[in-house]
Amino acid sequence: MTIGPAFARSDVRKYVVMSNVSEATLQPAAHRLQDQPTAADAAMQTAFPILAMLSVCHFLNDMIQSLLPAIYPLLKTQYTLDFG
């Protein structure tokens, strides 16, 4: 059993036939339902900017973690650093 716009339209048509209401009466309501974004669309619109931000932050974190070991020999001689 599939659930989607076609399934919803068939349910609306069944209701129209059962209630003896003309389809023109329900047409504006059905049109409003199709124009509104679904919850999945809203979630996808929200998720991509957040994922992009997290990706950039993760990239910067990785860059800092790789930069410190790379410049450690320079800092060690300049500031006489040791692990003790």
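These are my notes from a look through a predicted model of the protein.

**Overall fold.** I started with the secondary structure and got three helices and zero strands. Reading from the N terminus, I wrote the order down as α-α-α.

**Burial and surface.** Next I checked how much of the chain is tucked away. Buried residues come to 1% of the 84 residues. I then looked up the accessible surface, which is about 7,600 Å². Carbon and sulfur atoms account for 69% of that area.

**Nonpolar patch.** Which residues make the nonpolar surface patch of about 610 Å²? I noted Met44, Phe48, Ile50, Leu51, Met53 and Leu54. I picked Met44 for a closer look and found it in helix H3, which covers residues 39-79. Met44 has a relative accessible area of 45%, and since buried means under 20% and exposed over 50%, I logged this residue as partly exposed.

**Length of H3.** I wanted to know whether the end-to-end distance fits a helix of 41 residues, or disagrees with it. At 1.5 Å a residue, H3 should span 60 Å. Its end C-alpha atoms sit 56 Å apart, so I put that down as agreeing.

**Kink in H3.** Where does H3 have its kink of about 45°? I located the kink at Tyr72. The proline Pro73 comes shortly after that point.

**Just past H3.** I followed the chain out of the helix and landed on Thr80, in the segment after H3. Its phi is near 45°. I flagged that because the value is positive and the residue is not a glycine. Is Thr80 buried or exposed? Its relative accessibility is 68%, and the cut-off for exposed is over 50%, so I entered Thr80 as exposed.

Conventions. Residues numbered from 1 in each chain as written. Predicted model: local features only at pLDDT ≥ 70, side-chain atom pairs only at ≥ 80, totals over all residues. Heavy atoms only, no water. Helix = DSSP H or I, 4+ residues; strand = E, 2+ residues; numbered from the N terminus. Buried < 20%, exposed > 50% of the residue type's maximum accessible area, 1.4 Å probe, protein only. Areas by Shrake-Rupley, 256 points an atom, 1.4 Å probe, with all protein chains shown as cover. Patch = residues over 30% accessible without salt bridge, like charges linked within 9 Å, V, L, I, M, F, W, Y side chains within 5 Å. Salt bridge = Lys/Arg side-chain N within 4 Å of Asp/Glu carboxyl O. Expected span 1.5 Å × (residues − 1). Bend = angle between axes of the 7 residues up to and from the residue.
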